[in-house]
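Me: I would like to go through this structure term by term, asking what lies behind each word.

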Amino acid sequence: MSTINKAAAQLTATLISNKRIGAYHQLIFSVGDVVRHCRPGNFIAIQVGGDSSRMVLRRAFAISRTSESAQFGGTVELIVAPHGSGSKWLCSLSEGAEVDVVTPLGKAFGIPTEPVNALLIGGGYGSAPLFGLADLLKSRGCKVDMVLGASVGSKIYAPMEGKRSVNSLKIFTEDGSMGETGRVTSQLAEIIAERGVEIIYSCGPMAMLKAITDIATTLGVMHQASVEESMACGIGICMTCVLPVRGDDGNISMKRSCIDGPVMDGASVCWDLVGKSTELLG
Amino acid sequence: MSSQNVDISTTLGNAWFPAPIFTASGCASSGKELAQFFPLREIGAVVTKSVMNKPRHGRPTPRMAETPSGMLNSIGLQGPGIDAFLANDVPWLLAQNARVIVSIAGETADEYAVLARKLRSTPGISAIEVNISCPNVENRGLVFATDRDTSCRVIDGVRKVIGGEIPILAKLTPDVTNIADVARGVIDSGADGLALINTVLGMVINLDTMRPHLGGKTGGLSGPAIRPIAVRAIYQVREALPNVPILGMGGVSTGRDALELILAGASGVSVGTASFGNPTAIINIQRELQELLAQRGFTSLKQAIGYAHRA
């Protein structure tokens with residue numbers, strides 16, 4: 001049975017930068033030494049709304065990058081879409097604001113022990129954690145290609161500096177406002193064949209992860225998917241963020257995406273059963 | 001006086017606890033995760049997630065909706081089943097020197113008795129919470145605690161198995177016309193104490209889909225939004241049954257809130273939803289409570305229990 005990330009700690013983080021990038025905000029928080037335990041795929045859970053907030057639950061965000069500097073110590077970068085009341089509050093914070101955070105949480109992306117050809121696929125701001133992952137994979141000698149997709153161009157997150165670890169970057173938008181018209185899966189089979197892809201890492205909406213899994217499974221390519229399921233606690237105690245996952249024994253059980261994920265073996269997730277009556281699980 | 005000198009120990013039936021703040025069932029799993037943030041032995045007890053006889057998947061997602069100062073949950077008693085729970089979770093908790101209150105839930109009165117029989121032969125358990133009020137079951141008719149007679153049948157069956165060695169706490173729902181009446185019934189049937197309150201049944205409709213948001217349609221409302229309901233229920237039951245110990249819960253997120261429930265009549269206080277927002281909430285609340293008691297001149301927690309009822 002999986003356990004909570006052993007490095008998870010609660011601390012006060014200071015916002016040191018808040019910039020708008022397209023449809024998103026890039027938030028950089030100073031978090032101190034805990035940054036050394038943050039791996040690509042891990043997430044952070046942040047208290048929102050201030051002391052008199054009527055929002056009682058934390059908000060979870062993937063950590064997109066980490067760094068350490070003499071001036072700010074350890075920092076984490078988050079890419080946040082100001083969508084709901086909690087993320088809007090967060091994006092409205094000024095530099096110097098302090099927030100209560102718990103991090104690092106969740107299972108990180110697994111890194112191959114040998115150099116392989118990796119394909120990173122991101123949907124919308126789901127691309128954020130893939131750039132830190134690309135750096136890490138490249139430092140291990142992997143060839144890293146990337147495919148990003150979104151409904152419109154303003155929802156593509158692809159920072160200039162993030163592209164340096166990437167061998168190639170292909171962008172798809174559903175309205176054709178950036179890159180090619182289509183979805184990340186539109187040419188996936190061809191890309192896998194052309195580039196000799198041995199492992200896929202993905203992060204984005206559930207429907208995208210399912211579509212990638214279908215193609216990856218057919219072609220026999222490993223697929224690590226970072227799932228997004230709404231969480232109340234982020235630390236494994238509320239049982240709300242569960243997904244039906246098939247274990248090694250063949251049995252399906254409801255796994256917590258905050259503890260057993262967010263990174264999961266795409267082929268083990270029963271995507272068709274997500275949100276369906278659990279009586280179908282047997 | 002210094003807050004360290006306030007005696008915060010408490011009792012529920014014949015079970016003694018060195019501290020009065022507990023986890024709430026269903027809000028701490030089996031304690032392993034919270035143990036990363038504070039030593040479990042420092043709080044009163046870990047009340048474990050209600051466990052059933054067989055493993056259970058629970059309800060489909062979405063299982064959660066945040067609401068103003070609260071949330072709805074619709075977990076549906078997902079769990080490993082009593083056998084795996086007793087083999088793995090209880091020994092681990094006891095190894096942490098934590099006190100353990102095991103919460104049980106069944107679909108039938110017989111299932112509760114079966115669970116009680118398995119607990120009887122497990123050493124080290126401080127008390128049993130009989131959850132007869134989980135709102136997240138397939139059939140609303142299964143909420144035993146909305147009916148006095150079915151509640152009594154369940155408690156009677158558990159009492160026959162347990163004898164006097166472990167206190168039995170009956171967990172009740174506030175979703176009834178007269179909670180004191182149900183409380184009196186389960187006490188007459190052999191419960192040693194009461195756990196008040198379970199979540200309040202609610203619903204959120206999603207404006208995108210224009211359907212109920214939760215996979216299970218209805219869910220249990222928890223958090224500060226329901227705290228006044230908890231205070232009211234505890235006060236009413238304490239008034240009707242002044243000698244019955246109450247483990248209070250419902251929206252407690254500060255020491256002030258915990259003291260409010262204690263003044264209403266609770267001997268101990270469980271913290272649930274607050275732990276979702278803050279993993280160290282429980283230990284903070286316990287420290288704040290001790291300070292508030294000292295500021296008001298109480299030398300022990302016991303003096304404050306039910307103090308709001310004084311003439």
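Me: How do you know which strands of the open sheet of chain B are its edge strands?
Reply: In this predicted model, eight strands of chain B form an open sheet in the order 3-16-15-10-9-8-7-4, with parallel pairing. Two strands pair if DSSP finds at least two bridges between them, and strand 3 (21-23) and strand 4 (46-47) of chain B each pair on one side only, which makes them the edge strands. As for the conventions, residues are numbered from 1 along each chain as its sequence is written, while chains are lettered from A and ligands numbered from 1 in the order in which they are written. Local features need pLDDT of at least 70 and side-chain atom pairs count only at pLDDT 80 or more, whereas totals for chains, interfaces and linings use all residues.

Me: What makes strand 9 and strand 10 of chain B a pair?
Reply: Four bridges join strand 9 (residues 168-172) to strand 10 (residues 193-196) of chain B, and the two run parallel; the requirement of at least two bridges is therefore met. In one of these strands, strand 10 of chain B, B:A195 is the bridge partner of B:K171.

Me: Why is B:N131 called buried?
Reply: A residue is buried if 20 or more other C-beta atoms, placed from the backbone, lie within 10 Å of its own, exposed if 12 or fewer, and partly exposed in between. B:N131 has 29 other C-beta atoms within 10 Å, so B:N131 is buried. B:N131 belongs to strand 8 (residues 127-131) of chain B.

Me: Which residues does B:N131 touch, not counting those up to four places away in sequence?
Reply: Contact requires C-beta atoms, placed from the backbone, within 7 Å, and B:N131 touches B:S25, B:S50, B:S103, B:I104, B:A105 and B:K171. Of B:N131 and B:S25 it can be added that they are 106 residues apart in sequence and 9.0 Å apart in space, C-alpha to C-alpha.

Me: Why is helix 2 of chain B called roughly parallel to helix 3 of chain B?
Reply: Helix 2 (residues 109-120) and helix 3 (residues 148-162) of chain B pack at an angle of about 25 degrees, with their axes 8 Å apart. Angles under 35 degrees count as roughly parallel, over 145 as roughly antiparallel, 65 to 115 as roughly perpendicular and the rest as oblique, so helix 2 of chain B is roughly parallel to helix 3 of chain B. Helix 2 contributes residues including B:A109 and B:Y112 to the contact, and helix 3 residues including B:R153 and B:V154.

Terms used: Axes are lines fitted to C-alpha atoms, for helices over the stretch in contact, and angles run from 0 to 180 degrees between N-to-C directions. Two residues are in contact if their C-beta atoms, placed from the backbone, lie within 7 Å.
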